[in-house]
Amino acid sequence: MSGLSGIIPLYKQAGMTSHDCVMKVRRIVRTKKVGHTGTLDPDVTGVLPICIGPATKVADYLHEAPKVYRATMVIGAATDTQDASGKVIENKTVEPALSEVQVRETMEKFLGEIEQLPPMYSAVKVSGKRLHELARQGKTVERKLRSATIYKIDIEDMHLTMEKPSITFTVACSKGTYVRTLCVDIGAELGYPAHMSYLQRIKSGPFTLEQCVTLEQMEKAAREDGLQHLLYPLDVGLSQYPAVTVPEGRVKAMRNGLSQRHRKPNDWQIGDKIRLYSPGGAFLALHEVVYIDKENGVESKPVRVFPEGEA
C-alpha cells in the first residue's frame, strides 16, 4: 500500500488528538508519509483532512484554507480552558434576559479581521514552551495578540431564557482562529462571562462533513484493497486557487519548472497562486504570479511542480 497518494477527509472522533489520527492512518496505509492539515483539540470532532504519500506536499496549503465550525457558547459562566472541559472560574446571572436582536448585533461586530489573545490552554509556543504545558503547571504568561478573519457567522439556535443562555452558530474563519476565544469575546461584548460547550469542524478547505470517512471505514477498505477509492487527488487540496489550462506545447516546460505567461484576468494580483493543468486535465504545477503588465499579461513562476504520475 506504500504507493498510495491522495487526501482522505477523516472524521475525527472525540477523545483523539490529531497526532493519534495520523499514527492510526500510518498503520492502516503502512507508510510513514502521512500528515494532517490542521490540529483539532481532543474533545473536538469533525473534518480532519489527512494527506498520504506525495499528497503531503500540499498539506501546508490545505492548512491555509478557510475552515467552518459549528459551535455552542454558554453565557454566564467562564472556565479556565474557555471550553466545557475546564474548571468554572466565574459565574454571573444573566439579567435582564438577552434579546435576539442584541445577540445578532453583537455577533455581527466580530465579522472581518479581529485580534485574539491565544488561550493559555493552547498549543502556541512561548519561549519554546507550549502554553498548555505552562497552564497545567499553574503558570500564566504574557501572550501576543494574533490576527484572524471571520468571514461569516450564522446563528442556528438560541436559548436565551435559560439560567445559562446558550447560542449555537456556524462560523467560517481563517486558519488559526480560536473559536472558544471567540465565544469568550462575544460574551464579554454582551457583558457576561462565557465559554464554548461544543465544537465540530464541518468544513476544512474543500472537504465537508458529508465526505468524511471513519478510521473503521478506512480499515475495512484496506482489508478489501479499496483504500485508493477513498482518496481524493492532491490537487483537490489546492482548490482554493484558480485553475488555468496551458497550451499543449507548454506542458513539458511546466513539468520542468519553467515560468509561464498568461493573459491577465481582471482579479489577479502579484503573489496570487494558480493551478496549472494540461489540455487533457493533468495537474502540472502550482504557480505564483510574479509580474503583471497591462500590455503583456501575467507571468507566473512555480511554487511546486508535480511530476507525471505523482499528482
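Select Arg30 to begin: with a relative accessible area of 60%, Arg30 is exposed (exposed means over 50% relative accessible area, buried under 20%, and partly exposed in between, with a 1.4 Å probe and protein chains only). The coordinates belong to a predicted model, in which local features need pLDDT of at least 70 and side-chain atom pairs count only at pLDDT 80 or more, while totals for chains, interfaces and linings use all residues. Residues are numbered from 1 along each chain as its sequence is written, and side-chain values use heavy atoms, with hydrogens and water left out.

**Backbone at Arg30**

Arg30 is placed in the loop between α1 (18–29) and β2 (34–36). Helices (H or I, at least four residues) and strands (E, at least two) are DSSP runs, numbered from the N terminus. Display the backbone here: phi of Arg30 is near 60°, a positive value in a residue other than glycine. Most residues other than glycine have a negative phi, and most peptide bonds are trans.

**Strand β3 and its partners**

Next, select residues 45–52, strand β3. Eight of the eight residues of β3 are buried, so the strand is largely enclosed by the rest of the structure. Which strands pair with β3 in the antiparallel sense? Strand β1 (residues 6–12) does so over seven bridges, and β2 does so over three bridges; two strands count as paired if DSSP finds at least two bridges between them. To check the register, show Pro9, whose bridge partner in β3 is Pro49, and then Val34, whose bridge partner in β3 is Ile52. Strand β12 (residues 194–204) runs parallel to β3 and is joined to it by two bridges. Here Thr45 stands opposite Gln200 in β12.

**Gln82**

Move to Gln82, in the loop between β5 (77–79) and β6 (88–91). Is Gln82 buried or exposed? At 15% relative accessibility, Gln82 counts as buried. Gln82 also has a positive phi, of about 70°, although it is not a glycine. Show its surroundings: residues up to four places away in sequence aside, Gln82 touches Pro119, Arg180, Thr181, Val184, His195 and Met196, where contact means heavy atoms within 4.5 Å.

**The cis peptide at Pro96**

Continue to Pro96, in the loop between β6 and α3. The peptide bond joining Glu95 and Pro96 is cis, with omega about -5°.

**Helix α3**

Now select residues 100–108, helix α3, whose buried residues are Val103, Thr106 and Met107. Looking down the axis of α3, one finds these buried residues within an arc of 95°, so they line one face of the helix; the arc is that of the directions from the helix axis to the C-beta atoms. Val101 and Glu108 are exposed on the other side of α3. To see what covers the buried face, add β10 (146–159), β11 (166–173) and α5 (179–190), against which the buried residues of α3 pack.

**The α3–α5 pair**

Keep α3 and α5 in view. Two packed helices are described by the angle between their axes and the distance between the axes. For α3 and α5 the angle is about 125° and the axes are 10 Å apart; axes are lines fitted to C-alpha atoms, for helices over the stretch in contact, and angles run from 0 to 180 degrees between N-to-C directions. This angle makes α3 oblique to α5 (under 35 degrees counts as roughly parallel, over 145 as roughly antiparallel, 65 to 115 as roughly perpendicular and the rest as oblique). Show the side chains of Gln102, Val103, Thr106 and Met107 of α3 together with Ile186, Glu189 and Leu190 of α5, which make the contact.

**The five-strand sheet**

Turn to the open sheet of five strands, ordered β14-β16-β17-β18-β15 with mixed pairing. At its edges stand β14 (243–245) and β15 (260–262), each with a single partner strand, so one side of each is left without a neighbour in the sheet. From one strand to the next, the twist averages 40°. Strand β15 runs antiparallel to β18 (residues 297–305), with three bridges joining them. Along this pair, Gln260 stands opposite Ser300 in β18.

**Ser278**

Finish at Ser278, in the loop between β16 (273–277) and β17 (283–293). At 9% relative accessibility, Ser278 counts as buried. With neighbours within four places in sequence left aside, Ser278 is in contact with Thr245, Val246, Val251 and Leu284. For a final distance, select Gly257: Ser278 and Gly257 are 21 residues apart in sequence and 14 Å apart in space, C-alpha to C-alpha.
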